[in-house]
Amino acid sequence: MKNYKVATLTIAGSDCSGGAGIQADLKTFSAIGTYGMSVITAITAQNTQGVFEVEELSKNIIKKQIEVVFDDIEPSAVKIGMVSSPEIILEIANTLKKYDPKNLVVDPVMMSKSGYSLLRPEAKENMIKYLIPMAYIVTPNVPEAQEITGMKIETLEDMKIAGQKILEMGPKHVLMKGGHLKGDAIDVLIGKDIFEVYESKRLDRKNTHGTGCTISSSIASHLALGYGIKESVALSKIYITEAIKNSFDIGHGVGPVHHFYKFDKLK
Ligand SMILES: Nc1ncnc2c1ncn2[C@@H]1O[C@H](COP(=O)(O)OP(=O)(O)O)[C@@H](O)[C@H]1O
Ligand SMILES: Cc1ncc(COP(=O)(O)OP(=O)(O)O)c(N)n1
């Protein structure tokens, strides 16, 4: 099901190497079949080997980008990624409130795989206070869920408990992503009267740059297209698994996942 009249918006940081951030989000929106738009919050200088520098944009230009998009093309889903500072988070939350965005997916990005902090430590509080409660779904990985809840997460049972704690912070749903735990790649969706486990074999692949950005944008796209929450997550789990299976061995570090793997089969 594709519908390029259905618009999706990402509010996130730019990854000049194209594997994560805004670039991954826009590729995913297009691959799933929605019309992608972007509000850039920060420019990162990064590649497959790491993040080398970050420059945040002013809260004024972030606010203005959101306003002009919403005043002209109302997105059917919004995904939030890297938001870096307490001031940027507050500005985004206040601006979005005016538009009551549909299907808000909050990926609480904190650190890149290479270990660079993409969220200032003092911004965590605003993330919990303002963005997480607004979300239709929050998609933390294990280290992020540990930071948000303050609990250690080592098992599937811990993931369920942490997910429940995050749900109590106000979002409608929480997808606990289990890619950082040992064993198979198991994600858990928690909501009111919802408890679903999505399981796939752990793929022995080096090139997984952008997995978190990609699955959250895929969920946003599927919600925008009208799928329900369980189906959106199920289809996105299949999408990320195939994108990892077909990932690119480019660069000298952790290469990116393949957002358009489906189109290879058409050749
Ligand atoms: N090696 C892997 N094999 C299969 N799926 C994976 C692998 N690594 C991560 N995933 C999946 O990719 C998605 C993102 O995973 P995760 O690594 O937990 O988050 P992030 O990319 O935000 O750090 C999840 O659906 C997870 O299960
Ligand atoms: C600009 C930007 N935003 C987010 C991330 C983190 O992306 P993620 O999908 O978690 O992928 P990794 O970087 O962890 O591979 C990022 N790197 N850059």
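## Exercises: two ligand shells and a helix pair

**Exercise 1.** In this predicted model, work out which residues come nearest to ligand 2 and which elements give two or more residues to its shell.

*Solution.* Start with the closest neighbours: of the 17 residues around ligand 2, the nearest are Gly13, Ala20, Gly21, Lys113 and Gly212. Next, look at the elements: strand E1 (7-15) and H7 each give two or more residues to this shell. Finally, sort the shell by class, and you get six nonpolar, nine polar and two charged residues.

**Exercise 2.** Now do the shell around ligand 1: which residues come nearest, and which element supplies the largest share?

*Solution.* Begin close in again: Lys177, Gly179, Ala185, Thr211 and Gly212 come nearest, out of 19 residues around ligand 1. Then go element by element: at least two residues each come from strand E8 (185-191), helix H7 (211-224) and helix H8 (229-245). H8 has the largest share, with four residues. Split by class, the shell holds five nonpolar, nine polar and five charged residues.

**Exercise 3.** How are H3 and H4 oriented to each other, roughly parallel or roughly antiparallel?

*Solution.* First get the geometry: helix H3 (residues 86-97) packs on helix H4 (residues 124-134) at an angle of about 25°, and their axes are 9 Å apart. Angles under 35 degrees count as roughly parallel, so that is the label for H3 and H4. As for handedness, H3 passes H4 in a left-handed crossing. Who makes the contact? On the H3 side, Pro86, Ile89, Leu90, Ala93 and Leu96 do; on the H4 side, Asn126, Met127, Tyr130, Leu131 and Met134. Last step, the class count: nine of these contact residues are nonpolar, one is polar and none is charged.

Technical notes:
Residues are numbered from 1 along each chain as its sequence is written. Chains are lettered from A and ligands numbered from 1 in the order in which they are written. This is a predicted model: local features need pLDDT of at least 70, side-chain atom pairs count only at pLDDT 80 or more; totals for chains, interfaces and linings use all residues. Axes are lines fitted to C-alpha atoms, for helices over the stretch in contact, and angles run from 0 to 180 degrees between N-to-C directions. Angles under 35 degrees count as roughly parallel, over 145 as roughly antiparallel, 65 to 115 as roughly perpendicular and the rest as oblique. A crossing is left-handed if the near helix is turned anticlockwise from the far one by less than a right angle, and right-handed if clockwise. Two residues are in contact if their C-beta atoms, placed from the backbone, lie within 7 Å. Ala, Val, Leu, Ile, Met, Phe, Trp, Tyr, Cys and Pro count as nonpolar, Asp, Glu, Lys and Arg as charged, and the others, Gly among them, as polar. A residue is near a molecule or strand if its C-beta atom, placed from the backbone, lies within 6 Å of it.
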